[in-house]
Amino acid sequence: MTTAPSFSSADVERYRRLRTVSQRLNARISATVPREAFYAIGRAIGILRNGTLVFDDEGTKSVLMDCCIYDWMKDGKTVVQRYAESQAPPAGTDEHYLLQAYLKATFRILLPQSFLPGAGAQCRDALWKEDIFIMDLGLSQGASTGQDSPLAARTIPLGDCWMTSGAVLPTSSAAIAAAKQILEHEEFQSSEIPDSSTIALAMVRTSLKFGAAQRIRYQNIQSQSEGTGDHPTARPGAGVAGRNSPCPCGSGKRYKRCCGAR
């Protein structure tokens with residue numbers, strides 16, 4: 001088993017600060033996602049049904065937005081790339097540092113190997129055959145909570161370690177095998193889906209099919225229980241994105257007054 005490296009309390013505090021900044025930055029980037037992206041990505045991850053986005057649980061909304069930001073492309077650029085060009089934060093700020101890191105985000109299947117309490121976990125990436133350290137306070141407790149199953153996650157480089165882009169999908173060997181069988185589907189053969197994103201979307205699609213969103217891990221830097229599995233209660237069948245439904249971007253506004261108005 002690979003041994004987790006050591007990190008100082010200053011490293012952990014830096015992660016906490018950057019995680020807080022990322023929440024604000026994500027909200028600003030999310031506000032630039034066009035309506036067409038929701039439908040293209042919704043189709044790819046299997047939640048567009050009869051022309052309507054259907055959310056079987058709250059976790060699916062977070063997954064949809066993450067994929068829209070990183071996996072939808074127009075005129076050869078993803079949402080995060082377009083944001084970096086048009087609304088880049090001032091150089092030298094945490095926001096600028098994170099945005100540059102976002103541009104190097106990598107989707108991975110993480111296999112936890114060893115844990116560093118209070119910091120994170122050393123993981124083997126089953127996709128790219130790399131060993132990386134994920135800074136995540138909840139994941140650091142995996143040895144005692146049994147969180148050693150595969151995790152599907154988009155990761156962001158932070159120097160000697162990585163953090164996730166947000167929601168992390170618990171997955172399984174069955175979902176990984178199923179993902180390999182659907183890459184030829186027409187949903188993935190589109191100019192709106194970069195080649196680099198097909199594996200991510202196929203993995204998300206199969207993980208959702210296997211019920212992963214109901215077990216989604218969230219980041220909560222305000223407590224030591226960060227990412228230990230706390231999530232809104234799943235409401236099967238709820239969350240259909242009608243004009244008066246909450247917008248899937250998470251703004252809190254009605255769809256017709258938010259992304260539906262674009």
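Two residues are in contact when heavy atoms of theirs lie within 4.5 Å of each other. The legends below use the word in that sense and describe a predicted model.

**Figure 1. The whole protein chain, with its helices and strands.** The predicted chain holds eight helices and ten strands. Of its 262 residues, 50% are buried. Among contacts with a separation of 6 or more, 63% join residues 24 or more positions apart. The exposed surface of the chain comes to about 11900 Å². Carbon and sulfur atoms supply 49% of that surface.

**Figure 2. Helix H2 and what covers its buried residues.** Helix H2 runs over residues 35–44. Its buried residues are Ala37, Phe38, Ala40, Ile41, Gly42 and Ala44. The cover over these buried residues includes strands E1 and E2 and helices H3 and H8. After H2 comes Gly46, which has a positive phi near 85 degrees.

**Figure 3. The packing of H2 against H3.** Two packed helices are described by the angle between their axes and the distance between the axes. For H2 and H3 the angle is about 105 degrees, and the axes are 9 Å apart. Angles of 65 to 115 degrees count as roughly perpendicular, and H2 and H3 are therefore roughly perpendicular to each other. From H2, the residues at this meeting are Ala37, Phe38, Ile41 and Gly42. From H3, they are Leu64, Met65, Cys67, Cys68 and Asp71.

**Figure 4. The packing of H3 against H8.** Here the axes of the two helices, H3 and H8, are 11 Å apart and the angle is about 170 degrees. An angle over 145 degrees counts as roughly antiparallel, and H3 and H8 are therefore roughly antiparallel to each other. Thr60, Val63, Cys67 and Asp71 are the H3 residues that meet H8. On the H8 side, the residues are Ala200, Leu201, Val204 and Leu208. Cys67 and Asp71 of H3 appear in this list and are also among the H3 residues that meet H2.

**Figure 5. Ser207 in helix H8.** Helix H8 covers residues 198–209 and includes Ser207. The relative accessible area of Ser207 is 1%, so Ser207 is buried. A polar contact of 3.1 Å joins the side chain of Ser207 to the side chain of Thr171. Apart from neighbours within four places in sequence, Ser207 touches Ala152, Leu169, Thr171, Ala175 and Ala212.

**Figure 6. Helix H1 and its buried residues.** H1 has 22 residues, from 9 to 30. From first C-alpha to last, H1 reaches 31 Å, close to the 32 Å expected at 1.5 Å a residue. An α-helix has 3.6 residues a turn, so residues three or four places apart point the same way. The buried residues of H1 include Val12, Tyr15, Leu18, Ser22, Leu25, Asn26 and Ile29. Arg16 and Arg19 also belong to the buried set. The buried residues of H1 pack against three helices and three strands: H3 (59–71), H4 (79–86), H5 (94–102), E7 (130–135), E8 (151–158) and E9 (161–164).

**Figure 7. Ser30 in helix H1.** Ser30 has a relative accessible area of 9% and is therefore buried. A polar atom of the Ser30 side chain lies 2.7 Å from the backbone oxygen of Asn26. Asn26 is also one of the buried residues of H1.

**Figure 8. Ala4 in the segment before H1.** Ala4 has a relative accessibility of 16% and so counts as buried, the limit being under 20%. Not counting residues up to four places away in sequence, Ala4 touches Ser114, Phe115, Leu116, Gln122 and Phe133. Pro112 is 108 residues from Ala4 along the chain, and the C-alpha atoms of the two are separated by 10.0 Å.

**Figure 9. Asn50 and Asp75, two loop residues with positive phi.** Asn50 lies in the loop between strand E1 (48–49) and strand E2 (52–53). Its phi is near 55 degrees, a positive value in a residue other than glycine. The relative accessible area of Asn50 is 83%, so Asn50 is exposed. Asp75 sits in the loop between strand E3 (73–74) and strand E4 (77–78). The phi of Asp75 is near 55 degrees, again positive in a residue that is not glycine. At 65% relative accessibility, Asp75 counts as exposed.

Notes: Residues are numbered from 1 along each chain as its sequence is written. This is a predicted model: local features need pLDDT of at least 70, side-chain atom pairs count only at pLDDT 80 or more; totals for chains, interfaces and linings use all residues. Side-chain values use heavy atoms; hydrogens and water are left out. Helices (H or I, at least four residues) and strands (E, at least two) are DSSP runs, numbered from the N terminus. Buried means under 20% relative accessible area, exposed over 50%, partly exposed in between (1.4 Å probe, protein chains only). Accessible areas come from the Shrake-Rupley method with a 1.4 Å probe; for residues, only the protein chains shown count as cover. A polar contact is a pair of N or O atoms within 3.5 Å; within protein, one must be able to donate a hydrogen and the other to accept it, and residues adjacent in sequence count only if both atoms are side-chain atoms. The expected span of a helix is 1.5 Å times one less than its number of residues. Axes are lines fitted to C-alpha atoms, for helices over the stretch in contact, and angles run from 0 to 180 degrees between N-to-C directions. Angles under 35 degrees count as roughly parallel, over 145 as roughly antiparallel, 65 to 115 as roughly perpendicular and the rest as oblique.
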